[in-house]
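Subject: Structure for you to look at

Hello,

Here is the structure I said I would pass on. My notes on it follow below.

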Amino acid sequence: YGGVEHVLVYQEICDNLNIICAKVVSKLSLNTLDLISHCKLFLEDYKVPKKIILCDSLEFTPSGKIKRN
């Protein structure tokens, strides 16, 4: 998706249900509903994030991998 630099996908428990969430880093102003719609074109329903958080940056390990906090 244009403008997306980094993505961290993780699982969150909400009301005893596991939901897929994503943190997205972009220098552009993105619309989370557009991102979800884009994901629906390429992913199975159970893999599409139900919640997307737009971030300025993510933390990285010394080896360059995204830290899973």
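By class, the lining of the largest pocket has 11 nonpolar residues, 1 polar residue and 1 charged residue. Please keep in mind that this is a predicted model. The pocket holds about 170 Å³ of space. Its lining is made up of 13 residues, and those nearest the centre are Val 7, Ala 22, Val 24, Cys 39 and Pro 49. Three elements give two or more residues each to this lining: strand E1 (4–14), strand E2 (17–26) and helix H1 (32–42).

Next, the fold around E2. Strand E2, helix H1 and strand E3 make a β-α-β unit, and the unit is right-handed. E2 and E3 run parallel and are joined by 5 bridges. In this pairing, Cys 21 stands opposite Lys 51 of E3.

Lys 51 also appears in the list of salt bridges. How many salt bridges does a search of the whole structure find? The search gives 2. One of them is between Lys 51 and Glu 12, with the closest N and O atoms 2.8 Å apart. This pair links distant parts of the chain, since Lys 51 is in strand E3 (residues 51–55) and Glu 12 is in strand E1, 39 residues apart. Are the two partners buried or exposed? Neither term applies, because partly exposed covers the range from 20% to 50% relative accessible area, and Lys 51 is at 31% while Glu 12 is at 24%.

The other salt bridge is formed by the side chains of Lys 67 and Glu 59, at 3.8 Å from N to O. Here too the partners are partly exposed: Lys 67 has a relative accessible area of 34%, and Glu 59 has one of 46%.

The last item is the backbone in the loop between E1 and E2, where both Asp 15 and Asn 16 are found. Most residues other than glycine have a negative phi. Asp 15, although not a glycine, has a positive phi of about 55°. Asn 16 has a positive phi as well, near 65°. Which class of accessibility do these loop residues fall into? Asp 15 counts as exposed because its relative accessibility is 71%, where the class begins over 50%. Asn 16 counts as exposed at 76%.

If you open the model, the pocket lined by parts of E1, E2 and H1 and the salt bridge between Lys 51 and Glu 12 are two places to begin.

Regards

Key. Residues numbered from 1 in each chain as written. Predicted model: local features only at pLDDT ≥ 70, side-chain atom pairs only at ≥ 80, totals over all residues. Heavy atoms only, no water. 1 Å grid on protein atoms, 1.4 Å probe; cavity = no way out; pocket = protein on both sides within 12 Å on 5 of 7 lines; lining within 4 Å. Points joined across faces, edges and corners; volume = space filled by probe spheres on them. Helix = DSSP H or I, 4+ residues; strand = E, 2+ residues; numbered from the N terminus. Nonpolar A, V, L, I, M, F, W, Y, C, P; charged D, E, K, R; others polar. Salt bridge = Lys/Arg side-chain N within 4 Å of Asp/Glu carboxyl O. Buried < 20%, exposed > 50% of the residue type's maximum accessible area, 1.4 Å probe, protein only. Pairing = 2+ DSSP bridges. Right-handed = clockwise from strand over helix to strand, strands pointing away.
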